[in-house]
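Q: I would like to learn how to read the features of a protein model, beginning with the whole chain and ending with single residues. Could we go through one together?

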Amino acid sequence: MIKNGSNGSTPSLDSMKQHQQPWLLHAASRSGIFPLSKLWPWGAVDPRTQNTQEQELLAQGGIAVRGSTLATPSAAAGESPVVAETMDVDIDTHGNYIHTLAIRKDSKQQSTHSLVITHGYFTGVGFFYRNYRELSKVPDWDIYAIDWLGMGRSSRPVYKSRRAEGDDRRVSHAESFFVESLEEWRKRMGIEKMTLCGHSFGGYMNSVYALKYPQHVEKLVLVSPIGVPEAPPDLEEQMKRGHLQRNSDKPEDGETPAKEVAKPSVQRVMLIRTAMNLWDRNYTPQWLIRSAGPFSRRLIDWYIGRFALLTDEQ
């Protein structure tokens, strides 16, 4: 089932609000101990606000979401905006869905190819807002972009993997979490073959998908894909010391060892240990942002600040 969200409506307003709340507020609300999340929605985000913000960013790239009244910069220049749809595509019977942006040719221009764009970690469909307009001009291609399951405006199912399972099983669990949700999305969208274009984390998962389901991949485009090397054998000791050494820092055979690194501060050691322990318990940077409540905007501004070419409005 595909739920259209381009007009500002949302599939499940209450459930989406719960997904946006930090775990403590959500648990308190569900337990009946104290309706904290309703009296003080510290980390709650209105889905309608998310919808509007997404439309505003896409408009900056000349994309008009169907049902939106926002003007695009291209319209001011006398150019017609590219019309897109946003939708939430159900992938199971448990209420999980993948948020999707679709730019499809009309019935008079039958498309023979499908380009599916997947974002990297800590981003979403809006990351490519400058690319959609030009890509949509290519004949015979429909353009899709998704928010990975658990990220962006897609649903956030409980992720149960734990460090005690061992590295191999954890990696397999993580890959299956994303790859199988992408495959289910493909089925629901009725796409037989697709060209996958993935950036960073998206490139990694697209590669895993292509290895498992090559019959459904026409081409694979990797944009600065992430690569994860094997962990050094002394990683645990490095974490205890608070100094994570890069492979490039290690001397080759026959080379003189580099000067001993100064002992890290207690604060650095505690910060690294805390970060790794939270990560092992499936607390992500996104969870930190949501938990920051009204202060989350400062953290986001700091992160986005590295994209120097963006205007203040963007």
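The dialogue below takes up the chain, its helices and some single residues in turn.

Q: How many helices and strands are there in the chain, and what share of its residues is buried?

A: This is a predicted model, and the chain in it holds twelve helices and eight strands. Of the 314 residues in the chain, 37% are buried. Among the contacts between residues at least 6 apart in sequence, 65% join residues that are at least 24 apart.

Q: How far apart should the ends of helix α10 be, given its 15 residues?

A: At 1.5 Å a residue, α10, which covers residues 266-280, should span 21 Å, and its end C-alpha atoms are indeed 21 Å apart, so the expectation and the model agree. For α8, with twelve residues, the expected value is 16 Å, and the helix reaches a close 17 Å from its first C-alpha to its last.

Q: Which residues of α10 are buried, and which exposed residues lie on the face turned away from them?

A: The general idea is that an α-helix has 3.6 residues a turn, so residues three or four places apart point the same way. In α10 the buried residues are V269, I272 and D280. Seen down the helix axis, these buried residues fall within an arc of 70 degrees, so they line one face of α10. The face turned away from that buried side carries the exposed residues Q267 and L271. Just after α10, N282 takes a positive phi of about 70 degrees.

Q: At what angle do the axes of α7 and α8 cross, and which residues make the contact?

A: Two packed helices are described by the angle between their axes and the distance between the axes. Here the axes of α7 (residues 167-189) and α8 (residues 201-212) come within 9 Å and cross at roughly 75 degrees. That crossing makes α7 roughly perpendicular to α8. On the α7 side the contact is made by V171, A174, E175, F178, V179, E180, L182, E183 and R186, while α8 contributes F201, Y204, M205, N206, V208, Y209 and K212. By character, the residues of this contact divide into ten nonpolar, one polar and five charged.

Q: Against which elements do the buried residues of α8 pack?

A: The buried residues of α8 are F201, G202, G203, M205, N206, V208, Y209 and A210, and they pack against α7 as well as the strands β5 (113-118), β7 (194-199) and β8 (217-223).

Q: Is M189 buried or exposed, and what separates its C-alpha atom from that of D90?

A: M189, which is found in α7, has a relative accessibility of 12% and therefore counts as buried, the cut-off being under 20%. Its C-alpha atom is separated by 9.9 Å from that of D90, although the two residues are 99 residues apart along the chain.

Q: Which residues does S114 touch?

A: S114 has its place in strand β5 and is buried, with a relative accessible area of 11%. Leaving aside residues up to four places away in sequence, S114 touches W141, D142, Y144, I191, K193, M194 and T195.

Q: Where do F122 and S224 lie, and what is the phi of each?

A: F122 lies in the loop between β5 and α6 (132-136), and its phi is positive, about 75 degrees, although F122 is not a glycine. With a relative accessible area of 26%, F122 is partly exposed. S224 is found in the loop between β8 and α9 (235-241), and its phi, near 45 degrees, is again a positive value in a residue other than glycine. At 55% relative accessibility, S224 counts as exposed.

Key
Residues are numbered from 1 along each chain as its sequence is written. This is a predicted model: local features need pLDDT of at least 70, side-chain atom pairs count only at pLDDT 80 or more; totals for chains, interfaces and linings use all residues. Side-chain values use heavy atoms; hydrogens and water are left out. Helices (H or I, at least four residues) and strands (E, at least two) are DSSP runs, numbered from the N terminus. The expected span of a helix is 1.5 Å times one less than its number of residues. Buried means under 20% relative accessible area, exposed over 50%, partly exposed in between (1.4 Å probe, protein chains only). The arc is that of the directions from the helix axis to the C-beta atoms. Axes are lines fitted to C-alpha atoms, for helices over the stretch in contact, and angles run from 0 to 180 degrees between N-to-C directions. Angles under 35 degrees count as roughly parallel, over 145 as roughly antiparallel, 65 to 115 as roughly perpendicular and the rest as oblique. Contact means heavy atoms within 4.5 Å. Ala, Val, Leu, Ile, Met, Phe, Trp, Tyr, Cys and Pro count as nonpolar, Asp, Glu, Lys and Arg as charged, and the others, Gly among them, as polar.
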